[in-house]
Amino acid sequence: QLQLVESGGGLVQPGGSLRLSCAASALQNHAIAWFRQAPGKEREGVACISSSGTGKITADSVKGRFTISRDHLKDTVYLQMNSLKAEDTAHYYCAARTTAFRSQLCGIESSRWYPYWGQGTQVNVSS
């Protein structure tokens, strides 16, 4: 059973930055995605990265501000969030799906594609 642990959330002012981390053992063969959910809203896919690290998708709502990356040596996936806005306030979840090694496949359209989920980390953007 893959256990994902997110960290890096917190309170930040509009325009600020945060870096979220998603760590687990043996992430090399997994596509990883970040989803977020704000109170009263549906869960939204933010970004994903393939097991190879070459396939990436970023939601239009965060494109140009958020960057996803992974460090295979540390078994960690990062979400660098810059120019944060109040509407980025949400609980952010890391999700994983086992794929072929060096696959370029990932997706953010459906959370149901990912069977493994972390507990999430809260991001609050407020002045």
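Let's start with E6: its bridge partner in β3 is C22. Three bridges join β1 to β3 (residues 18-23), and the two strands run antiparallel. Strands here are DSSP runs of E, at least two residues long, numbered from the N terminus, and two of them pair if DSSP finds at least two bridges between them.

Keep in mind that this is a predicted model, where local features need pLDDT of at least 70, side-chain atom pairs count only at pLDDT 80 or more, and totals for chains, interfaces and linings use all residues. Residues are numbered from 1 along each chain as its sequence is written, and side-chain values use heavy atoms, with hydrogens and water left out.

Now for the wider sheet. It is an open one built from four strands, in the order β1-β3-β8-β7, with antiparallel pairing. β1 (5-7) and β7 (66-71) stand at the edges with a single partner strand each, so one side of each has no neighbour in the sheet. On average, neighbouring strands of this sheet are turned by 15° against each other, direction ignored; the axes behind such angles are lines fitted to C-alpha atoms.

What about the loops? Most residues other than glycine have a negative phi. A26 goes the other way, with a positive phi near 60°, and S83 also has a positive phi without being a glycine. Both count as partly exposed, meaning between buried (under 20% relative accessible area) and exposed (over 50%), using a 1.4 Å probe and protein chains only.

| Residue | Phi | Loop | Relative accessibility |
|---|---|---|---|
| A26 | near 60° | between β3 and β4 (30-37) | 46% |
| S83 | about 50° | between β8 (76-81) and β9 (90-98) | 41% |

How values were computed: Axes fitted to C-alpha atoms, helices over the stretch in contact; angles between N-to-C directions.
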